[in-house]
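This briefing goes through the packing of selected helices and the surroundings of a few residues. Please keep the sequence and the structure at hand while reading.

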Amino acid sequence: MNWSLLFFANSVLLGVGLAMDAFSVSIVNAISEPNMWAKKRCLVAGVYAFFQFIMPMIGWICVRTIAQIFTVFQRFIPWIALILLLYIGVKMIVESIRSQSQECKNCKKKDCGGCSANKTKPLSLATLLLQGIATSIDALSVGFTIAEYGTAMAAAASLIIAAVTFAICMTGLLIGKAAAKNLSARAQIFGGCILILIGIEIFVRGVFF
């Protein structure tokens, strides 16, 4: 197999593996905000892709400069992801419960289903950035995988990972939008639970495997 083709294939496979958490969170975001505009979907996927590009590069720089310190820091990566996703997930659940306990302005009822679905808060930039960090922080470890690459090759691999992440996350957003129709007012609660489970999954995978 041609070496450049092998490099591309390895980078794509890395991207697919690293993008799975962001893919799941993309579905959650679209479920929680089913009326998300196309431009915002591109922004969401773009933010995840950016972090999936920058994290391997930071890891690559750390491995080549402060490898010993970086190895110690790696132990905290699962904890950081767990804390961030727990915070976001619990916040979503609490906000949804509060929203449903309030009287709907449209039908003057509580927990009215369709109307309540319209009261969910849109995804904020601050939350999106926290999600981007939480779902990509384990990509720092890719620095070890691409440690032997030169600067151009490391950047190229990270760009491929970012492109794969963008495509996968856009797919996740479309899937979430379709699934939101069946979840109605419970969408944010469901999404919050999924984020908590993703945080636990990242933690267990990082600590015990």
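**Helix α1 against helix α9**

In this predicted model, the axes of helix α1 (residues 3–32) and helix α9 (residues 187–208) come within 8 Å and cross at roughly 170°. Angles over 145 degrees count as roughly antiparallel, and α1 and α9 are therefore roughly antiparallel to each other. The points below follow this pair further, and then turn to the overall make-up, a second helix pair and three individual residues.

- The handedness of the crossing of α1 and α9 is left-handed.
- On the α1 side, the residues that take part in the contact are D21, S24, V25, V28, I31 and S32, while on the α9 side they are A187, Q188, F190, G191, I194, L195, I198, E201, I202 and R205.
- Sorted by class, the contact of α1 with α9 consists of nine nonpolar, four polar and three charged residues.

**Overall make-up**

- The secondary structure of the protein comprises nine helices and zero strands, and, read along the sequence, the pattern is α-α-α-α-α-α-α-α-α.
- The protein has 209 residues, of which 44% count as buried, and the surface that the protein exposes comes to about 10800 Å², with carbon and sulfur atoms supplying 71% of it.
- Among the contacts in the protein with a separation of 6 or more, 88% are accounted for by residues 24 or more positions apart.

**Helix α2 against helix α6**

- Helix α2 (residues 38–65) packs with helix α6 (residues 125–136) at an angle of about 40°, and the axes of the two helices are 9 Å apart.
- Because the angle of about 40° is neither under 35 degrees nor within the 65 to 115 range, α2 and α6 are described as oblique to each other.
- The crossing of α2 and α6 is right-handed, and the contact is made by L43, V44, V47, Y48, F51, Q52 and M55 of α2 together with L128, L129, Q131, G132, I133, T135 and S136 of α6.
- By class, the contact of α2 with α6 holds nine nonpolar and five polar residues, and no charged residues.

**S136 and A139**

- S136 is found in helix α6, and its relative accessibility of 0% is why S136 counts as buried.
- Once the neighbours within four places in sequence are left aside, S136 is in contact with F51, Q52 and M55, residues that also belong to the α2 side of the contact between α2 and α6.
- A139 lies in the loop between α6 and α7 (142–145), and A139 likewise counts as buried because its relative accessibility is 0%.
- With its neighbours within four places in sequence left aside, A139 is in contact with L18, Q52, M55 and P56; Q52 and M55 are also listed among the contacts of S136.
- One of these partners, L18, is 121 residues from A139 along the chain, and the C-alpha atoms of A139 and L18 are separated by 6.6 Å.

**I61 in helix α2**

- I61 is found in helix α2, and its relative accessible area of 43% is the reason why I61 counts as partly exposed.
- I61 and A154 are 93 residues apart in sequence, and the distance between I61 and A154 in space, taken from C-alpha to C-alpha, is 9.7 Å.

Methods
Residues are numbered from 1 along each chain as its sequence is written. This is a predicted model: local features need pLDDT of at least 70, side-chain atom pairs count only at pLDDT 80 or more; totals for chains, interfaces and linings use all residues. Side-chain values use heavy atoms; hydrogens and water are left out. Axes are lines fitted to C-alpha atoms, for helices over the stretch in contact, and angles run from 0 to 180 degrees between N-to-C directions. Helices (H or I, at least four residues) and strands (E, at least two) are DSSP runs, numbered from the N terminus. A crossing is left-handed if the near helix is turned anticlockwise from the far one by less than a right angle, and right-handed if clockwise. Contact means heavy atoms within 4.5 Å. Ala, Val, Leu, Ile, Met, Phe, Trp, Tyr, Cys and Pro count as nonpolar, Asp, Glu, Lys and Arg as charged, and the others, Gly among them, as polar. Buried means under 20% relative accessible area, exposed over 50%, partly exposed in between (1.4 Å probe, protein chains only). Accessible areas come from the Shrake-Rupley method with a 1.4 Å probe; for residues, only the protein chains shown count as cover.
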